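Here is a short walk through a protein model. Keep the sequence and the 3D view at hand as you read.

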Amino acid sequence: MKPNIGDVSQSSRFRSAILCFGLLVGFAVIVSRLFYLQVIQANEGALQAWNQHHKSIVVESNRGVIVDRNGSALALNVEVPSVTADPMSIEDRGKVAEKLSRALDVPKSQLMKELGKKQDFVWLKRKLDESSAKAVQQLSLPGVDILMEPRRFYPKTTLLANLLGFAGIDSQGLEGIELQYESYLQGGKSLVVFQRDARGRMINPVGSRKLRASEGHRITLTIDEVIQYIAEQELDAAIQRTQAKGGTVLVMDPATGAMLAWAIRPTFDPNKISAGSPDLWRNRAVTDVYEPGSTFKVVVAASALEEGVVEPDTLIYGGDGGMSIAGTTVHDIGKSGWITFSEVLRHSSNVGMVKAAISLGDKRLYKYLRAFGFGEKTEIDLPGESAGILRDPSKWSSRSLASLSMGQEVGVTPIQLLTAVSAVANGGYLLKPYVVSEVWNAQGERVLKREVEAKRRPISDETAQVLTGLLQEVVAQGTGKRAGLAEYAVAGKTGTAQVFDQKAKAYSSTKVIGSFVGFVPAEAPRLAILVVIDEPKTEGWGGVVAAPVFRKVSEQVLRHMRIAPKNGGLMKVAAIS
Amino acid sequence: MRRSGFTMMVLFFGIIGSLYVWMRIDLLRVSSDIERLNDQRVELEHRQEVLHLQLSQLTAPQKIAQAAKRQLNLEMPQPGQIVMVASDTAMASNEKRLKNAVQLAQRLNVTPHRSTY
């Protein structure tokens, strides 16, 4: 039976309709899926695709610059090359390691260890010089690349090194200002983006990779690099002349507490931290304590004068230069007889000062020593500060009062002593010393400004004036003659402290610390300076080793700061002409 | 009439197409220029950093002192070779500082630490 044409046509139309419907449904499914992927999931899809074709690495961005008070850069960054590798895309690792070992001067075994890692990114050598980077580039090794990242430089090398500190390989502050102001100095993170080919190898050119993040804040110090240089030069010369173990010169503006110079020896080059021992990194002017010796008499004298137990012309019997206390004898250099209190200070009489301290009494002396900031931190903006050593009177021996009056049985940091003497210079205010004056962000807005901050007032202006006069006599006629300047009045005090030998449990007869602390011009002080020479070998007295350093530093700094002498120089000019 | 309309339509789409292609090519060219300039900026910034470092190194007081001694045969003045001349500016500065110190004392209003024993 032959099929009916009408039936065939109907069947064909039916199949066609089914096919069309199927296609329509299929097409609708595809369109829906496309809509879902391209519109609804568009962002996620794009991100997934981007991640497949790119590799991002976070590196540190530029740390903030550190400048001195005149804007001269003391710490800054320069982008330097680092060698990276994608071990997954390197076929012959041994050959690559061998070639790189010669170019980078890194042991092959170390490179093999890095290249053996199952990672798509490893550092091979960081922050190298341009010539080494060029040598690596010329090798054109597959899977090995050069990446630029910031490196911290200290252009003035050893200048101010102990105060600045240094930053580590990942640009994190590790010592000094770099550590103390880490939160300001560290910038945001930089994202370095690599493009990858179909096999996951990184292919993008170097220049366009870096997306810069926010830079760290700029820090302005109170330090003047010229004053710093003068202090370091004179300290170096003194150490060389006396063959001393080390030394410290601190220069402060006594009216504000702002530090102008911070010289410490021995020191290190923060550009080559691995070359020096960690002992050299220490900021000894805040971390280390020493017995101040006779420089401490400034504080004892201030206390006695403030309490009225002595006056400049009060007579004190110094006897034949010896005084027995608690089974020991306190010595003077020569016979004294009856001397005034001003002569006690002028000739640094131990007997006279002990008697003044006895008149004051242990509780009152202790109270003043605390008021001058001993036994507590100065709160200077530097890390690792020591509070020094000042025992409670309940723990004193029968000799302690006498010892303290001569600067023994007390441990002070150089910054503590200078801050205390600055209080005499500024009319009696114990200020908080500081080294950072301002912090600026990358947009040029000031985010921090230090103001003068007084902690307390240990003595009155009258006492400060009287004591300044006595300290001027020390320099004019007493032990501090070598600190004197022809054009300016200098007030100060010498100190020669025996070093306590921990092994022998006694004061060393050969090791001393020679020091001088003072301020200039005495009538309107602009500079307070402390000089400490640690264990000089050729000569020991503070008046011989440290006072000349004070004179040389203050002479040059006053000139640099254009501070005119009291009587000007006009008459002298007339005389010369 | 019908042919003329067809020609106009082809012409219209041709112009639109050409404009689109021209725009895409120009976009690529501008992108390439931006990329090149960006690279140049990065390079110049790096150069600036290096020059800044060199400037800081060369202006270090120790470098200047060395150059003054070795190249110019200069020496530090001996005592008596320097004459200080009183300047009005310096005097005014000293007076200003003293005034500031008085203001500071008044603001702090801290009394001396006299003992009550």
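A:Arg391 is partly exposed, with 33% relative accessibility. In this predicted model, A:Arg391 forms a salt bridge with A:Glu409. The closest N and O atoms of that pair are 2.5 Å apart. A:Arg391 sits in the loop between helix H15 (362–371) and helix H16 (400–405) of chain A, and A:Glu409 in the loop between H16 and helix H17 (414–425), so the pair ties together parts that are 18 residues apart in sequence. A:Glu409 counts as partly exposed too, at 24% relative accessibility. Salt bridges can also share partners. One network of this kind joins A:Glu376, A:Glu379, A:Lys432, A:Glu453, A:Lys455 and A:Arg456.

Why do such pairs form? Side chains of opposite charge can pair when their charged atoms come close. How many salt bridges does the whole structure hold? The search over all chains finds 29. Take A:Arg126 and A:Asp170, whose side chains meet at 2.8 Å, N to O. A:Arg126 lies in the loop between strand S4 (122–125) and helix H5 (130–139) of chain A, while A:Asp170 lies in the loop between helix H6 (161–164) and helix H7 (176–180), so this salt bridge ties together parts that are 44 residues apart in sequence. A:Asp170 is partly exposed, with a relative accessible area of 39%. Another pair is A:Arg282 and A:Asp288, with 2.6 Å from N to O. A:Arg282 has a relative accessible area of 29%, which makes this residue partly exposed. A:Asp288 is partly exposed as well, at 24%.

Now look at the backbone. The peptide bond from A:Arg265 to A:Pro266 is cis, with omega near 0°. A:Pro266 belongs to the loop between strand S10 (259–265) and helix H10 (278–281) of chain A. A cis peptide bond also joins A:Val520 and A:Pro521, where omega is about -15°. Find A:Pro521 in the loop between strand S20 (506–520) and strand S21 (527–534) of chain A.

Phi angles deserve a look as well. A:Asp105 is not a glycine, yet its phi is positive, near 60°. A:Asp105 lies in the loop between helix H3 (93–104) and helix H4 (108–115) of chain A. Is A:Asp105 buried or exposed? A:Asp105 counts as exposed, at 68% relative accessibility. A:Lys127 also has a positive phi without being glycine, with a value near 55°. A:Lys127 is in the loop between S4 and H5 of chain A. A:Lys127 is buried, with a relative accessible area of 12%.

Turn to chain B. Chain B has 3 helices and 0 strands. Along the sequence, the pattern reads α-α-α. Chain B counts 117 residues, and 11% of them are buried. About 10,000 Å² of chain B is exposed, and carbon and sulfur atoms supply 62% of that area.

Last comes the empty space. Rolling a probe the size of a water molecule over the atoms shows where such space is left. The largest pocket holds about 1,100 Å³. Its lining counts 34 residues, and those nearest the centre are A:Gln556, A:Arg559, B:Met76, B:Pro77 and B:Ile82. Three elements give two or more residues to the lining: helix H9 (225–242) and helix H20 (547–560) of chain A, and helix H2 (61–70) of chain B. Which element gives the most? H9(A) does, with 7 residues. By class, the lining has 17 nonpolar, 7 polar and 10 charged residues.

Methods. Residues numbered from 1 in each chain as written. Chains lettered and ligands numbered in written order. Predicted model: local features only at pLDDT ≥ 70, side-chain atom pairs only at ≥ 80, totals over all residues. Heavy atoms only, no water. Helix = DSSP H or I, 4+ residues; strand = E, 2+ residues; numbered from the N terminus. Buried < 20%, exposed > 50% of the residue type's maximum accessible area, 1.4 Å probe, protein only. Areas by Shrake-Rupley, 256 points an atom, 1.4 Å probe, with all protein chains shown as cover. Salt bridge = Lys/Arg side-chain N within 4 Å of Asp/Glu carboxyl O. 1 Å grid on protein atoms, 1.4 Å probe; cavity = no way out; pocket = protein on both sides within 12 Å on 5 of 7 lines; lining within 4 Å. Points joined across faces, edges and corners; volume = space filled by probe spheres on them. Nonpolar A, V, L, I, M, F, W, Y, C, P; charged D, E, K, R; others polar.
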